[in-house]
Amino acid sequence: MNGNCSKEEINSINMLKFNKNFSPAYGEMTQITPLIHRLVAHNPSPFTFFGTGTYIIGLKPNEGGDRKIGGSSSSEAMSGSSPHKPSEGGDRKIGGSSSSEAMSGSSPHRPKVAIIDPGPLLPSHLHALENMLNHVTISHILITHNHVDHSPAAHPLKVITGAEIYAFDVGAQADMDNHAEEGRDMNFVPDHILKDGDVIKGDGWTLEAVHTPGHLSNHLCFALKEEGALFTGDHVMGWSTSVVSQPDGNMKDYITSLEKLLTRKDKIYYPTHGAPIENPKPYVKALIAHRHERERQILDAIKAGAATIPQMVNMIYCDIPSFLHPAAASSVLSHLIHMQGKGQITCDGKLDQSGIFIVT
Ligand SMILES: [Zn+2]
């Protein structure tokens, strides 16, 4: 660790403890809180951890009861997950609950729910989502960002249910030719474009869109006002740091989006991958401190003679398996672009994986 760290930052870095405790029941809808259920897709990987967690918002306990949805009891509540006070947010209403009538044959006795990140085009996951439709009406499909483990099931779900798709605009995304990054869902097109602060009201739930660019430029978190909960997508995850890769990932935006969460009053985070994050602010501070520390390591590596990204990766990431080095190299490039913007380094040649870097 570099001697330039403040005591507060060293304390924050030490707070960065990953929670790998997560054992999903694949294909089964599990109740997490009074308003939140989760269905985990069987697509585990080094980037998705145990798989994509699709959240179902608005199915209340007395509506779910003890019946089986997607294969098991839906009444498995998480301890300590009582509703919280609403968090702060914007007022602009989008969609309202009008689109909840979109599905033909919707009955007043069927709960109307929102889906956050329907997930990948995986037959078992689509089948589990279809099973759920025997019990609920989907009124809104919300997307945190258009990576292939988050958004591709949105379109088939829309075709089946008539529910419309809500997401941030994908029109300004940078082209991706970087294969070290998670793949982007190139076919993704939302029906409604959300902006920061937009509020969607549904059947007993209120979700606010919180724009958090960095992992991708279109990344949104969603705040559930009734429970003070924030669905953080891939922006903040408890089991790992987030991938921030060129060209659409942006380290400056990512750190700014972390700082943005510190200004909010959300009590608990629900990432797409892995377990919830309770008491999230110290964790977010630790993620920020970790990125600052990484920049110090990069500066030290350059000063020690590592002028290229592969040399920096070998020096800094010597403890991770080599198959993750391309992702690490992509992350280092994102840091270097941010550091050049701050005037800490310059690049001789192209500002990409082939660049030669010098401390200014
Ligand atoms: Zn992602």
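Me: Which helices do the buried residues of α7 pack against?

Reply: Happy to walk through that one. In this predicted model, the buried residues of α7 pack against two elements, α6 (280-303) and α8 (325-341).

Me: And which residues of α7 are buried?

Reply: Helix α7 spans residues 309-316, and its buried residues are I309, M312 and V313. The arc they cover around the axis is only 100°, which puts them on the same side of α7.

Me: Why would residues at such spacings point the same way?

Reply: The general idea is helix periodicity. An α-helix has 3.6 residues a turn, so residues three or four places apart point the same way. In this structure, I309, M312 and V313 are the case to look at.

Me: Let's take the neighbours one by one. At what angle do α7 and α8 pack, and how far apart are their axes?

Reply: The angle is about 110°, and the axes are 9 Å apart. Angles of 65 to 115 degrees count as roughly perpendicular, so α7 is roughly perpendicular to α8. As for handedness, α7 passes α8 in a right-handed crossing.

Me: Which residues make that contact?

Reply: On the α7 side, select I309, P310, M312 and V313; on the α8 side, select H325, A328, A329, V332 and L333. Sorted by class, the contact of α7 with α8 has 8 nonpolar residues, 1 polar residue and no charged ones.

Me: Now the other partner. What is the geometry of α6 and α7?

Reply: Here the packing angle is about 115°, with the axes 10 Å apart. The two helices, α6 and α7, are therefore roughly perpendicular to each other. Is the crossing left-handed or right-handed? For α6 and α7 it is right-handed.

Me: Which residues meet there, and how do they divide by class?

Reply: From α6 come Q297, I298 and A301, and they meet M312, M315 and I316 of α7. The contact of α6 with α7 divides into 5 nonpolar residues, 1 polar residue and no charged residues. Try highlighting M312 as you look: M312 takes part in the contact with α8 and also in the one with α6.

Me: Stepping back, what does the secondary structure of the whole chain come to?

Reply: The protein chain has 8 helices and 17 strands. Of its 360 residues, 47% are buried.

Me: How much of the contact network joins residues at least 24 apart?

Reply: To read that figure, start with contacts between residues at least 6 apart in sequence. In the protein chain, 72% of those contacts join residues at least 24 apart.

Definitions and conventions
Residues numbered from 1 in each chain as written. Predicted model: local features only at pLDDT ≥ 70, side-chain atom pairs only at ≥ 80, totals over all residues. Helix = DSSP H or I, 4+ residues; strand = E, 2+ residues; numbered from the N terminus. Buried ≥ 20, exposed ≤ 12 C-beta atoms within 10 Å, placed from the backbone. Contact = placed C-beta atoms within 7 Å. Arc of directions from axis to C-beta. Axes fitted to C-alpha atoms, helices over the stretch in contact; angles between N-to-C directions. Parallel < 35°, antiparallel > 145°, perpendicular 65-115°, else oblique. Left-handed = near helix turned anticlockwise from the far one by under 90°. Nonpolar A, V, L, I, M, F, W, Y, C, P; charged D, E, K, R; others polar.
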